[in-house]
Amino acid sequence: YELCPTPFRVIWEDSLCFTFRMAYLQLVRCKSIYNTDGFHQITPSSFEDFDAVGSERVVANPAKFFRDHGRDFYVCCADFQQGSLVLIRPKEGIQIKKSAFFYQALRRHATEVLVLPFADLAAVAAEVADDVSHITTVFVYHTTRCGSTLLAKALEATGLVHGVSEPDIHLTFLQYLQSQPGVQGEDLKMLTDVIGHSNTLFNFTLFQQDPTRTAVCYKTRAEAIPLAELLQKGTPEAKTIFLYRDLAERMDSTIHVLMGSYWKYWLLTALRLDILMDKVIPAADVAMVD
């Protein structure tokens, strides 16, 4: 890749100076807290999850760089404060797709980030769009504890589909949408464009790793259900699967996973200790119940 001596692009137009952040690479390591168990593991990914190792290396031609090295970088999250898409290169030999929670494995094993300003995404996506134009994108939305992980793994096992279980990129779109209620106009167009471009980049990474597979199944995180309509606008050719389960069976399954025993849960409620359940049930699952 071509290195540029400054991390900013400066453009003069009609005596006015415009400064833009450029794409860059940086070696990183995951913050130590994510190497320990706890509910912090379910928090959405962000650039703040990593500690920098060394200095930034600016990429002067991000489209060419992604063409040459895109197979190594997975789309991780969108940083709307910085106006950038964050991609992660995991450690060598780590099979990220085999994880039941893609976002946790990608965060834990991150070794380098590629940060692409939104202003560069259209050019980068256009560079590789023809390569993945035949790829079918499938989004799986679900209510948790309903067999969605099994479905993603089963599709992966066919050898025809890339199965990606719970990437975080979609949840960062939802976070932005919730922080900007009633978003419309240019902001809405920007969001749908970023959704479409990020999907193209993600598909390209997977296609480069195994070009024999002609579909990508993204099992979203459960909280992403409200984003379904917007994801469809950003990727109009995508297919949709919605999985759900009887409420009572879903709750029994959730309790079994979190508590290890239904009778333990029964005892807690009988002794009125269930007021402490907000410390047991992750906030994400509570949100789904609400």
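Of the 290 residues in this protein, 44% are buried. The model I am showing is a predicted one. The protein has ten helices and eleven strands. If you take the contacts with a separation of 6 or more, 76% of them are between residues 24 or more positions apart.

I will go through two sheets, then a pair of helices, then one residue.

Start with the five-stranded sheet. This sheet is open, its pairing is antiparallel, and its strands come in the order β4-β3-β7-β6-β5. At the edges are β4, residues 50–58, and β5, residues 74–79. Each of these two has a single partner strand, so one side of each has no neighbour in the sheet. On average, neighbouring strands here are turned by 25 degrees against each other, if direction is ignored.

Look at the β5 edge. Strand β6, residues 84–90, runs antiparallel to β5, and five bridges join the two. As an example of one position, which residue in β6 is the bridge partner of Cys 77? That partner is Val 86.

Two helices pack on this sheet. Helix α3 touches β5, β6 and β7, where β7 is residues 110–117, and the direction of α3 makes about 95 degrees with that of β7. Helix α6 also touches β5, β6 and β7, and its direction makes about 165 degrees with that of β5.

Now those two helices against each other. Two packed helices are described by the angle between their axes and the distance between the axes. Helix α3 covers residues 118–128 and helix α6 covers residues 185–209; their axes come within 9 Å and cross at roughly 40 degrees. That angle makes α3 oblique to α6. The crossing of α3 past α6 is left-handed.

Which residues make the contact? From α3 they are Phe 118, Leu 121, Ala 122, Val 124, Ala 125 and Val 128. From α6 they are Met 190, Val 194, His 197, Thr 200, Leu 201 and Phe 204. Sorted by class, this contact has ten nonpolar residues, two polar ones and no charged ones.

On to the other sheet. This one is open as well, with four strands in the order β9-β10-β8-β11, and the pairing is parallel. The edge strands are β9, residues 161–165, and β11, residues 239–243; each has a single partner strand, so one side of each is left without a neighbour in the sheet. The average turn between neighbouring strands is 20 degrees, again ignoring direction.

Within this sheet, β8, residues 136–142, pairs with β10, residues 215–219, in the parallel sense over five bridges. One position to find on the screen is Val 138, which stands opposite Cys 217 in β10. Helix α4, residues 148–157, lies across β8, β9, β10 and β11, and runs at about 150 degrees to β9.

Last, one residue. Asn 203 is found in helix α6. Is Asn 203 buried or exposed? Its relative accessible area is 3%, so Asn 203 is buried. Leaving out residues up to four places away in sequence, Asn 203 touches Val 132, Ile 135, Thr 137, Val 216 and Tyr 218. Two of the names in that list can be placed on strands already mentioned: Thr 137 lies within β8 and Val 216 within β10.

That is the end of the tour.

How values were computed. Residues numbered from 1 in each chain as written. Predicted model: local features only at pLDDT ≥ 70, side-chain atom pairs only at ≥ 80, totals over all residues. Heavy atoms only, no water. Pairing = 2+ DSSP bridges. Axes fitted to C-alpha atoms, helices over the stretch in contact; angles between N-to-C directions. Contact = heavy atoms within 4.5 Å. Parallel < 35°, antiparallel > 145°, perpendicular 65-115°, else oblique. Left-handed = near helix turned anticlockwise from the far one by under 90°. Nonpolar A, V, L, I, M, F, W, Y, C, P; charged D, E, K, R; others polar. Buried < 20%, exposed > 50% of the residue type's maximum accessible area, 1.4 Å probe, protein only.
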